[in-house]
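Hi,

Here is the structure I said I would pass on. Have a look at it first, and my notes on what turned up are just below.

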Amino acid sequence: MNTETSHSFAERLLKSRYIWPLAALLLMLIFNLLLDASFLDIHFDNGRFYGNPIDILHRSAPVALLAIGMTVVIATGGIDLSVGAVMAIAGAVCANLLVATDVSLFTVLVAGIASGLLCGLINGALVSYMGIQPIIATLLLMVTGRGIAQLLNDGQIVTFQHAGFSWLGSGTLLGIPVTIWLVLLVFIISQLMLRRTALGLFVEAVGCNSSASRYLGINDRTVKLMAYLLTGFCAALAGIISAADINGSDANNVGLWLELDAILAVVLGGAALSGGRFSIPLSLLGVLIIQTLNTTIMVSGMPSKLNLLIKALAVVLVLLLQSDIFRKQISGLAGKWRHS
Amino acid sequence: MQQEQSEKALFELSNISKQFPGVKALDAVNFRLFPGEVHALLGENGAGKSTLVKIMTGVLPKDSGSIQLQQQEISPSNTAEAQKLGIAPVYQEVNLLPNLSVAHNLFLGREPTRFGCIRWQQMAEDARQLLKRFKLNIDVTESLSHYSVAIQQLVAIARGVAMNAKVLVLDEPTASLDSSEVDTLFDILRQLKSEGIAILFITHFLEQVYQISDRITVLRSGKLIGEYPITDLPRGKLIEAMLGQELQQVTGEQTEATEPAKREPLLTVSNATVPHSVDDVSLTVNKGEAVGMAGLLGSGRTEVCRALFGIDTLKSGEIKIRQQPVTLNQPADAMQQGIALCPEDRKTDGIIGPLSIRENIALALQVQAGWWRYISPEKQRTLANQYIESFHIATPDSEKPIEELSGGNQQKVILARWLAISPQLLILDEPTRGIDIGAHAEIIKLIKSLCDEGMSLLVASSELEELVAFANRVVVMRDHRKVAELQGAELSSQSIMHSIAEV
Amino acid sequence: EIVVGFAQVGSESGWRTNFSNDMREEAKRRGITLKFADSQQQQANQIRAVRTFIAMRVDAIVIAPVVETGWTPILRQAQRSDIPVIILDRNIRADEDLYLTRIASDFVEEGVKAAQWLVENEQDECRVVELQGTVGSTAAIDRGTGFNRVIDKHDNITIVRSQTAEFTRNRGKEVMESFLRAEDPNSICALWAHNDEMALGAIQAIKESGLAPGEDIKVISVDGIPDYFLAMANGLANVTVELDPHLGAPTYDVIQRYLKGDTDIPKLIRTTGDVYTQATAAEEYQKRSQ
Amino acid sequence: MIARRFVPLLATFSLLVVMFIIGGFQFEGFASFQVVTNLLTDNAFLLVVALGMTLVILSGGIDLSVGAVVALSGVLCAVLISEYQWPPLLVFPLVLVIGTLFGTLMGSLIYFYKLQPFIVTLAGMFFARGLATTISEESVGIEHPLYYAVADSGIALPGNAWLPSYAIIVLAVLAGLFLLTHYSRFGGYVYAIGGNSQSAALMGVPIARSTIGIYAMSSFLAAFAGILYTFYTFSGYALTGIGMELDAIAAVVIGGTLLTGGSGYILGTLLGVMLMGIIHTYIIFEGSLNSWWARIAIGLLLFVFIALQKVLNRSSQRG
Ligand SMILES: Nc1ncnc2c1ncn2[C@@H]1O[C@H](COP(=O)(O)OP(=O)(O)OP(=O)(O)O)[C@@H](O)[C@H]1O
Ligand SMILES: Nc1ncnc2c1ncn2[C@@H]1O[C@H](COP(=O)(O)OP(=O)(O)OP(=O)(O)O)[C@@H](O)[C@H]1O
Ligand SMILES: [Mg+2]
Ligand SMILES: [Mg+2]
């Protein structure tokens, strides 16, 4: 008889911030299982795993990377609308290097990442040193960035053949897509950087009350700059795997409106857009919710024109599920119903 | 007579209880207000005073109990409803809108209109008239954020007073006012009293209680201790009722300001000037010495503090630390030199609301250690618990977000934060705002002992008693300039008051 | 000197860029000043551009419309200012008097041609998956309509899955992957994509799933961009209906004729392209990739 | 002496004038009445949307659904008028009511469940656009005498310029919103909530009513802009106004309103819309830029304006 401990465990679970996003994800998976009982099946073939769960993880990689950066920027009280454009730039830089020269893969990747960091630096400088409001500062790069990427590509889709580079987008390692490993790697590194040093605490302090953090001697400008550098880095990486995925750089369409998905993921994870407390694992949970939803829509066979309606309803449902007030109302209603 | 009064109770709360996670903030509390009285609600930090105010004005829902206004059961669910019922609240923290003009803050929701259009000129005129009663002559069309906390507090009070309510609720209205403003306020309260308005008054300044109140209700740890006519409860008994024990140290032994031995100067400021805020100020703080700064509202005390902490940069003049000239461009520079500042406006510049007490205390230390050398949560907790204990911070544990603490306890956390880095020069701007009398004594004691260990102190305060208790020397400011410096035998409340007022 | 204002849709694909470039180069060749306005897929921007062209008093206005409807008011304004308007690339629904001529292909016709190829080459049971263009876009709606019109008459061909991939390569690959997961990959006989970009993405998905695009799954598409010809040459795709991006010459021909006083201009100049298959893909690629 | 808080407005206005003068020197026909009226005509619906957005942003929120609501209301008008033959004068009020209800719903979700505006209105954007595509994927043309009558009414101005009647209506909307924001109690509440919604609640501002009202107002104006847009194109189309919310936000912010809420002016939004419009006009007059250079140029010009605004404001604060 250990009802005591199981009770407290259940209580702790109910209090944890993970429970409701997790519940939403589970609900979605159950719904899928009802549609298709083999939805969660994974099988091993030709040295790699196949199945919807793998696909969901693999397809969520770009948004997951964006969401990691976005989480931190949002925690500082900012926002980055330019990530889609930065993806395009990084992809274009890599594609052009791969096509035009035969520099090493390493150089290509460094150049791609560097372009992302440069974009982050620009955003960060506009926000923290020029004092331009984040949404506008990054909107500038959102508009300009795609233009720059198209300029690099001369308005075409630049395609390339490079086995090593493609491996980043569609290869596997130990049977699992490389993209998943990459997300895992970036996640672990950023988590270590933010939680095993004081950076995370500083980010939260700046996001909660930047005036008070200034009185504490925290250099809020540097903190914000770092956050934008991180999103720049993450966006560049996302751009690289997206380009590697199709062996080409599509400056106009890659990452289009993905910034909204990334922001949505962060919020579904429970973060406040006004800044403050953040959690990267929760944001990644948000990413999984979104990607599962996308996959559900794709495999459900419903007409495409209903996509947005379904997405809207699902998002509202997940948000309500996370709202204490709504849950109280529901349990209140349920109670009344049981009484009558 | 008691009988007769209870029949006429204007406002009555019975059996109010309120539970927060881990804290029973109110436990079956009864409270009555009669027309034409000033009723003081007293208790330690975290006793539940503000919670009671929030419940009676509908900001927080009550767990149980009832509220009656003029024998009618009421249950306001927000401030707007409470105001409609005739209850005008002024909450503890200044809850005004910094982005709006002073006039708009005074009349928000009650703007004078013509054909549905707000008459801005008229409103500004009304605002000027209203503030005249408070002897405040400021530009009412300027946004509120322009003005110091003290002025904001006066504006908040004026807003409450102008509401023409039956019940006026004032939660620590005098926390950052100095004596002349307090006198003005009390004149106004007396007039309201004579008009039959019931006033609830919360404060930690006991002299003020005896100046103005008719009756006292004491809370301790969320429980009602009792309701007394003012005459039945002399100061000693009152303190005993509040703390549950006698307070020996402060009331009795007002420690003599120790004569400063020949000590070497730690901080030397010469001819410091910041445009529009500090005008040619020179001062010295020696090692182990406590220097006070006195002055009227807007005299520039806060601004001197800010300049010394690198928030405002000097346009001319020089700051020397240990005889070495330094440039302070940002707080980090000042912290490097061993300077710490506990700011005046704790809500915007002090607390980091959603973060826990532990993190709020550890932050300054962490900044000093640099972002790379992370102070582990365990170490932070140990540090925090140490201060929670020594400052009697009322909280179930160190993980509670600081914004959920009572005002006074927040102030203690901010003090703890800066003491944790063991600064060489600690600048305190209105350090004991809202701190209860017991903790006040302990903090003064603690700071004195730190001074004895070699820390220097610069205290800007509106409370002259406190300055006299703390300081070896007092600098008097007026119009952003230093006008006097008092020390030794010439140091007393009277002499400070004299130099402040001197024309 | 002739000044022509050109309100282009945007630069959403390589095809569109080629189209814009052709307009530009042809203008330069003929000494015409071209005022180019990119509208980023928004009709409002196009209307703004046309109104600005009118204010600039250009000699002729060329519109490659984003949508078919919504042109009447601005065309009336152009007419009032006596500026001829030529509609390029797409159809519009407005009174014929309001514009000089249309030089356009017929999206429905393209869908029909694509379907006809399939009907001719597939007599057995054939399950088709469809990658639609952006929801609501004319190209997607009409190509789908044309294709369906033909296969509806043939019971052996059915569309089993259909989902938008927004005309892009990345989404094309992603959606195709999900099709391959949701259906038994070996049961799919053909892929019908509303443009080449999506088809190219899908081809990669098919390859990665271990099947042979072009063999196991036939690939049918529209546009005829160089990359797709290369894919056909390599046997990875089967057929495309070309959409000719070289619209500059016919456009300026019409304008110059009109400005010289020639009013005998047909209201519709058709440019629906030909069907290309693997047979000629290699040489076509040579021609196009220069 | 002009009050210091109007300096940002003045700075934006002077930038607008400078741009106009530069364009006038550079291109024939740029500094003309026609370009000015075109600015108003072409941005009429964006201005209406941006005015609603100003209210929302002043209150510290954001409304991403406006572009989709414009599309939805356009599609509804077109379908009801063309396919169901309803009289326009019945359809318009109906569409406005639907728009307002939509905003009310979003506002209620935001207020009662304490959800974040960004996300609720993002879902609203998905929903409205999804509904629009479900109602009609294809664009639907409107043929109705009223439309021709309205299109032909307006004011002829010198220099071949023409101010259509709906641009005049928009000026009326502008005036209405100006009064609402700066001269009504509701306007005061909007600023109060934007300044600090907690403090506002403690000061007795009716938060529930105001919050819901703000979003209802924004959706109402977006629906109104959708109706205007049908006059602009004689049609309704589900893909209208993609990205319009960002244009509106940009215009509001360039007009000097703080995204954190509580500070800004209605007239600033007018200037912001005009500034963005004149940038586009300038690029079209230039005409030699290809797609990507045009984008880059727009971005850079915006940046230059924002930077200049900053510099002008800062130097005026010092002086
Ligand atoms: N929102 C909240 N959530 C959780 N606990 C709270 C909250 N507000 C107050 N408390 C707790 O309730 C208790 C009473 O707080 P209250 O603010 O009423 O004290 P107070 O008597 O006003 O003290 P002070 O003199 O410091 O202002 C405190 O222990 C405080 O931590
Ligand atoms: N009575 C007043 N009239 C006009 N302006 C004032 C007045 N009081 C303060 N101010 C303004 O507020 C600013 C802040 O003053 P500051 O906080 O430095 O004063 P202080 O001496 O610390 O007083 P306190 O903190 O008690 O208000 C001053 O620079 C001044 O512009
Ligand atoms: Mg209190
Ligand atoms: Mg002060």
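Backbone first: a polar backbone atom of B:A47 sits 3.2 Å from an oxygen atom of ligand 1, and for B:G48 the distance from a polar backbone atom to an oxygen of ligand 1 is 2.9 Å. On the side-chain side, an N or O atom of B:K400 lies 2.9 Å from a nitrogen atom of ligand 1. Taken on its own, ligand 1 has 630 Å² of accessible area, and the protein covers 90% of that. Do keep in mind that this is a predicted model.

The shell around ligand 1 counts 22 residues, with B:G46, B:S50, B:T51, B:S406 and B:G408 the closest. By class that is 11 polar, 6 nonpolar and 5 charged residues. In chain B, β2 (23–33), α2 (49–56) and α16 (407–419) each put in at least two residues. Both domain 1 (11–251) and domain 2 (265–501) of chain B contribute, with at least three residues from each.

Now for ligand 2. Which residues come nearest to it? They are B:S148, B:R301, B:T302, B:E303 and B:E344, out of 14 around the ligand. Three of these names come back in the polar contacts, each with an oxygen atom of ligand 2: a polar side-chain atom of B:S148 at 2.8 Å, one of B:T302 at 2.5 Å, and a side-chain N or O atom of B:E344 at 2.4 Å. Here the protein covers 78% of the 610 Å² that ligand 2 exposes on its own.

As for where that shell comes from, α6 (149–161) and α11 (301–308) of chain B each give at least two residues, and α11(B) has the largest share, with 3 residues. The classes split into 6 polar, 5 nonpolar and 3 charged. Domain 1 (11–251) and domain 2 (265–501) of chain B each supply at least three residues to the shell around ligand 2.

One residue I also looked at is B:T273, in strand β13 (residues 265–274) of chain B. Is it buried or exposed? B:T273 counts as buried, because its relative accessibility is 19% and the cut-off for buried is under 20%. Leaving out residues up to four places away in sequence, B:T273 touches B:V278, B:D279, B:D280, B:L314, B:K315 and B:S316.

Last, the chains: 5 pairs are in contact, and A and D share the most contacts among them. Chains B and C do not touch, and their nearest C-alpha atoms are 36 Å apart.

Cheers

Methods: Residues are numbered from 1 along each chain as its sequence is written. Chains are lettered from A and ligands numbered from 1 in the order in which they are written. This is a predicted model: local features need pLDDT of at least 70, side-chain atom pairs count only at pLDDT 80 or more; totals for chains, interfaces and linings use all residues. Side-chain values use heavy atoms; hydrogens and water are left out. A residue is near a molecule or strand if one of its heavy atoms lies within 4 Å of it. A polar contact is a pair of N or O atoms within 3.5 Å; within protein, one must be able to donate a hydrogen and the other to accept it, and residues adjacent in sequence count only if both atoms are side-chain atoms. Accessible areas come from the Shrake-Rupley method with a 1.4 Å probe; for residues, only the protein chains shown count as cover. Helices (H or I, at least four residues) and strands (E, at least two) are DSSP runs, numbered from the N terminus. Ala, Val, Leu, Ile, Met, Phe, Trp, Tyr, Cys and Pro count as nonpolar, Asp, Glu, Lys and Arg as charged, and the others, Gly among them, as polar. Domain bounds come from an automatic or database domain assignment. Contact means heavy atoms within 4.5 Å. Buried means under 20% relative accessible area, exposed over 50%, partly exposed in between (1.4 Å probe, protein chains only).
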